[in-house]
Structures are given as C-alpha cells and as structure tokens.
Amino acid sequence: MDQVMSICCYCGCGCGLYLQVEQGRVVGVMPSHNHPVSQGNLCVKGWHLHEFIHDPRRLTQPLIRRNGTLLPASWDEALDFTAQSLLAIKEQYGPDRIGVLASAKCTNEENYLLQKFTRAVLGTNNIDHCARL
Amino acid sequence: MAGLATTFGSGAMTNSINELSSAQVILLSGSNTTEAHPQVARRIYDAVDQGARLIVIDPRQTAMASLAHIHLQLRPGTDIPLLNGMMRCILDENLVDELFVEMRTENYIPLRDLLLTIDLNEVTATTGVSIKDIARAARIYARAQRSVICYCLGVTQHICGTANVQSYAGLAMLTGHVEREFTGVDPLRGQNNVQGACDMGGLPAVLPGYQMVADPVVRDKFDRAWGVCLSDKPGQTLLDMTHGAGSPGDKLRAMYIMGENPMLSDPVLDQVEATLDSLDFLVVADLFLTETAARADVVFPAASFAEKNGTVTNSERRVQYMNKAIDPPGAARDDGWIIMELSRRMGYAMEYESSAEIMEEICLLTPIYGGMYHDRLIDNWGLQWPCSDRAHPGTPFLHKFSFARGRGRFQPASHVPPAEPVDSAFPFLLITGRSYHHYHTGTMSRCCPTLNREHDKPFLDMHPDDATRLNIPDGSRVQVTSRRGSCKFFLRYCQSLAPGDLYCDFHFHEAPVNVLTLSARDPEAHCPEFKLCAVRVEEVI
C-alpha cells in the first residue's frame, strides 16, 4: 500500500495526512503525527475523506446541452464549443458581460491560472469566489 | 477580510494555529469551533487545560460556550455595542496600552470620543449582556500578557460585518494584543483553500498578492509579464454576478464557474436561479453534477484533490503541497489542464509543463509568495507567507515591529440594527451555520456513507420553551417561512439557543436554507447577512 502525502480538502485548518492507495484506489486516510496542525489527529470528515473520491456519481466525461438535455461529448467538442461561445459573447457584448467564479476548493496554481485567463484572455476583472459565504 | 485589511493592512490570521495553545486568554466569537474547526478547538482545549481563561461571545450555547469562563450570550447582531461596552470599561479602568496606541496606531482620538459617549446601561439593553459580565470580560482580556481573539463567520456574515471585524481589531490594538507571538486577531477560514483563492487574486479588485487592479504600476508589471493590456475597472463581486445586479446593460451574458455551487450556497436562491437561467452561456467544472452544474450548457468533469499536484494555503497562511495519489476517473481532467486548453483555443497560449512551473510565475509576480517554490514545499508541511524569496523561512505571526499598513488604524463603529428585525408575522430570528459531519453544500461530504449515517436529515433547532408554546413535538416536520420563501426541516429541541432564536445548517439540498436568507449585505466586504433573518415556523401536518 502506498502512503501519499496530502492535505485535507475540507476546512481551513489544512491538516496534513497520508492517503492510503491500493491498486489505484484511495482506501483510507492516516493523519500525520508531525504536521503542525493535525498532530496525529483528524476530525470525522478527515477520517472519511476517501469515501467521496470513488463515488459512482462522479462526472467522468464532458457534457453538452443538446435540445435541453445534458449529453456526453468529447473534450474537443466541449472545449471548442465553450471557446467559441465565450469569444462570441465577448465580441458581441464586451468582456465585462462575462463573469467567472474561482474556487476555494481548487489549488493555488489553478486559481492563479483562472484569474489570469479571466483578466488576460476574457479581458475582465469579473472574478470572485465564495470567500464571503 | 476588508475589516482586517483596513485596520492592520492584511486580511489573514495574524498567528499560527499552534500559538493558541500558549495563550493566557482566548476571546472566541461567532465560531462553533468544536464542529467547524475541530483542530483549532483542540488547541483551545489545550490552552484551557494549561490555565488559560476562555471568553466566548455567541448567541448560542455552543460546546465552547459551555467550557467558557465567561459566556457573553449576546442578542444576534449586537457585537458592536458589546465591544464598545468592553472598550469603555477598559478606558474607565485605565487598562489601555498607551505606549502601543501612541507608537503603533492612528485615529485613536475619534474612538476615545465615541467610547466616552457609550452608556453601559444602554449596551446592556441592546445586547442582553449584564454590565458585570462585560466588565469582567474586558478586565480579563486586557490584563493578561498574551490575549488572542479568534472569530469566524458569526462575526462577518452580517450587514455590519466589516465594522464588526474592525471593532475586534480595535479591542486588540487598544490593549496592545497584536504583533507578538500568542497575541493577535485570527479569522478562521472555512475552506481548505479560501485563503489561497484570495491570495491568488480570485477577487474582483486585486491581482495575486492583493496588488490592486486600480494601481497603474501593478497593472504595468502584469501587462509586461502576460503580454496583454489589463482592464483597470474593478470587476463585479460574487453576489452582483449571481444576483444579476446593475442595469440591464451590465448584466452578465456568460459565466464560467469552477468548483462552486451558488445554487445552494448563495442567498435568495430564486434570484440566483433566475440569473443563471438568463445567461446565454454557462460552463461549470465540478466533480459532481451539482445543482449549479445541472443548469449549465457545458459541464467539464474535474479532478479531485487526490488526483492532481499543487498547493493549498490554510487559515494560518501555510502554503502546503498536495501530491497526486491516483488518476482521475474516466475522462475527468484537472482544472489547470482545462483552463490551459480553453485559453489556447481562444488564441492565448498558456503552456506550463507542471504546476511547479505555474508556481514559479506566481513567485515572480507575487511578493508575499516570492519564495514559495515547489521544491521548498515538497516532503515537508509548507511555509507561511509572507515569504519574500528563496532564503526566507516564512512568517509564523504577522505585524512584528510594524503593521502591514504602517500604523494600525482604529475604525470606531456604532450599532447597526439587523436588516430584518422580527415582528409579529415573522417572530423568530434564524441563524445558519455548519454541522460537525457535513461541509458547505454537501457536494462531497454527503457522498460519504459514514457521514450520512451519522447525520442525514436537515434539522431546525428550537428552544423547548418556544416549541412547547407552539405545541410542536420534538422530531416533527416543520415548515420555516421567511418573506422570501420556505423550506422544511425536522424539529430538534435545543437548550443551547436563547428562546426566540432558531438554528439550522445549510448542507442539505432538500432543505435549501438560502431560499430563506436575505441578500442584504455589508457595504464594503459584500458579505451577506446569512446569520440573521426573520422567520415563522409551522408544524407540517
């Protein structure tokens, strides 16, 4: 079994933990003993962190709405359709009519890229996230 | 965040979580710490075991309040008069740290003038807390060498949230309880990377590292780094976006939502729904088909935290590295890949080989992250910002020797009554929050069988006296109605609330609490008044 160093994905305590991986599946969680916050401890949400990762309801392919229904599509179709739609709206109405929500659940690197995309590619500062909620 | 940024110059925890266990006095406000931040609660227990005094300011008798030496059970939304009362006592008893106020702060005289007009009898009438308790709490907090304030969304999610925070910061400065280890003002962050999403400029008025969009020098730096000409117009806030604010000419036509679920988390859900439905184009990236994703035109399947490399920043500003443990399911991809692919298809190449390469760009452009190179964060538990360069060891506590903004600024405030007071038609005040077993909109936690087994129903907590008066038995189905909508809960008798107050969680899509809440919000931070709205309760027969 592999022990992979990670950080709990729930609250802002940021507990250090090890994901226990067996045959490509996360099967359990162990707290780090020398992590400055967790110190060998996790709360109930942390101990059961692995349970949602392999939930059968996880999305596994891109979806596009066709005739009112979300249907499976390829990445190329979904990305091209999105790029064209955003470009068309930017062209017709201007960049400030597009809004972006970043995520307190994504990494720093992803949030950096998303705000760079919003500001440099879409051309607007309309970006925020749920810090206030 | 706006509250601490305007008083201290930086909107983050001033201490490390570990420092709490060595404090002599902990003043905890608006935080159900044992349920929402269990590890912080452990440090508070440790401190109390070692003889620290605990003061809790909360309208609910939380587990922390039961342990407290003094529980100031104020009426919801009366933090400002309570703090003005405490500060008046500190002034009257000569407990002001005159040297600190003189050397390190500004704007003290207007605060003193305001405090001298405070009538403590009036404070008691407004807050429901006795003068004796206010004075005791003030003395204990002011006299100790190492006093620390912790607060959470019970302080910020009010129409006067910014002024609330400024008042807590004022109390700390008045008594010199900042700038040293074990003393300070600590907002507890609710999400694993809410600090980082702010740090990275996921905000409408600031670029990474809180560098202002409005500052031409800052824009020039990013213009050159990114090869574009950035807009100088600050963007719309989240509630403006999800509530379709502004004139019809400003309304959004398209949105890209990455891993958020405003269809459960935002106030006045009817309005959010109308806004999302009015868009020409909505794209959502998420792990699950959330209430929000179900309304999208395109849905991207995203990778979970275990399926990618990258860093997250916790409440104490600690930037920590997460290792990829497994591959994402099916065709799901991480958000970084999705953004890069989209950007390329829109004519702007973003080519990063790895998340480490993205971080190198962040380090170059963001002074507080200047030394956060991945190779320094791998195989250890990270570094705390500010961390200016490769040799910098990180910063466990802030504002040593001087505040980030130079001098700390007192911002005197007066009582702001709740946006929606109770009346005969809507006689109860509803407070919302989080439970121990679930998390935010439940997208992840409600997929965990163990957590569901422990807690699978939306409860409404009510004091037994109120329930008896209304003749509703424990466990009944009840309907809660506000001026905006209604939803159904299971009633739970609860001694820890004051009669007249109600409490519920917001994790359950079958009881979407935010159809009830107000969109009234703080004018500076735009934080909605989630903690208070007027409702009535009926049994469902």
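1. Let me start with a loop in chain B: B:Asn94 sits between α5 and α6 (98-104) of that chain. Keep in mind that this is a predicted model. The phi of B:Asn94 is near 55 degrees, positive although the residue is something other than glycine. Is B:Asn94 buried or exposed? It counts as exposed because 8 other C-beta atoms lie within 10 Å, and the cut-off for that class is 12 or fewer.

2. B:Asn107 deserves a look alongside it. Here too phi is positive, about 70 degrees, and the residue is not a glycine. You'll find B:Asn107 in the loop between β4 (105-106) and α7 (108-116) of chain B. B:Asn107 has 14 C-beta neighbours inside 10 Å, so it is classed as partly exposed. For context, most residues other than glycine have a negative phi, and most peptide bonds are trans.

3. On the peptide bonds, one to check by eye: B:Trp385 and B:Pro386 are joined by a cis bond, with omega about 0 degrees. B:Pro386 belongs to the loop that runs between β14 (383-384) and β15 (408-409) of chain B.

4. Now the sheet in chain B. Five strands form an open sheet in the order β3-β2-β1-β5-β6, with parallel pairing. Its edges are β3 (70-72) and β6 (184-187), each of which pairs on one side only. Direction ignored, neighbouring strands are turned by 15 degrees against each other on average. Within the sheet, β1 (residues 25-29) and β2 (residues 53-57) of chain B share five bridges in the parallel sense; B:Val25, for instance, has B:Arg53 as its bridge partner in β2(B).

5. Which strands does α9(B) lie across? They are β1, β2, β3 and β5 (147-151) of chain B, and the helix runs at about 125 degrees to β3(B). Helix α11 (residues 161-174) of chain B lies across β1, β5 and β6 of that chain, at about 155 degrees to β6(B).

6. The α5/α9 pair is worth a closer look. Helix α5 (residues 79-92) and helix α9 (residues 131-143), both of chain B, pack at an angle of about 65 degrees with axes 8 Å apart. The crossing is right-handed. On the α5(B) side the contact uses B:Leu82, B:Gly85, B:Met86, B:Cys89 and B:Ile90, and these meet B:Ile134, B:Ala135, B:Ala137, B:Ala138 and B:Ala142 of α9(B). By class that makes nine nonpolar residues, one polar and no charged ones.

7. B:Met86 turns up again in the core. Beyond four places in sequence, its contacts are B:Ile134, B:Ala137, B:Ala138 and B:Leu171. The largest nonpolar core has 199 residues, and B:Met86 is among those with the most contacts inside it, along with B:Ile26, B:Tyr168, B:Leu430 and B:Leu502. The element that gives the most to this core is α11(B), with eight residues.

8. Finally, the two chains. Their contact takes 89 residues from chain A and 113 from chain B. On the chain A side, helix α3 (residues 108-122) gives the most, with 13 residues, and the class split there is 49 nonpolar, 24 polar and 16 charged. Strands join across the chains as well: β6 (residues 98-101) of chain A pairs with β9 (residues 254-258) of chain B in the parallel sense over four bridges, where A:Gly99 is partnered with B:Met255. The α3 helix of chain A is also part of what covers the buried residues of α18(B), which include B:Ile358, B:Met359 and B:Ile362.

Technical notes:
Residues numbered from 1 in each chain as written. Chains lettered and ligands numbered in written order. Predicted model: local features only at pLDDT ≥ 70, side-chain atom pairs only at ≥ 80, totals over all residues. Axes fitted to C-alpha atoms, helices over the stretch in contact; angles between N-to-C directions. Helix = DSSP H or I, 4+ residues; strand = E, 2+ residues; numbered from the N terminus. Left-handed = near helix turned anticlockwise from the far one by under 90°. Contact = placed C-beta atoms within 7 Å. Nonpolar A, V, L, I, M, F, W, Y, C, P; charged D, E, K, R; others polar. Pairing = 2+ DSSP bridges. Core = buried A, V, L, I, M, F, W, Y, C linked by C-beta atoms within 7 Å. Buried ≥ 20, exposed ≤ 12 C-beta atoms within 10 Å, placed from the backbone.
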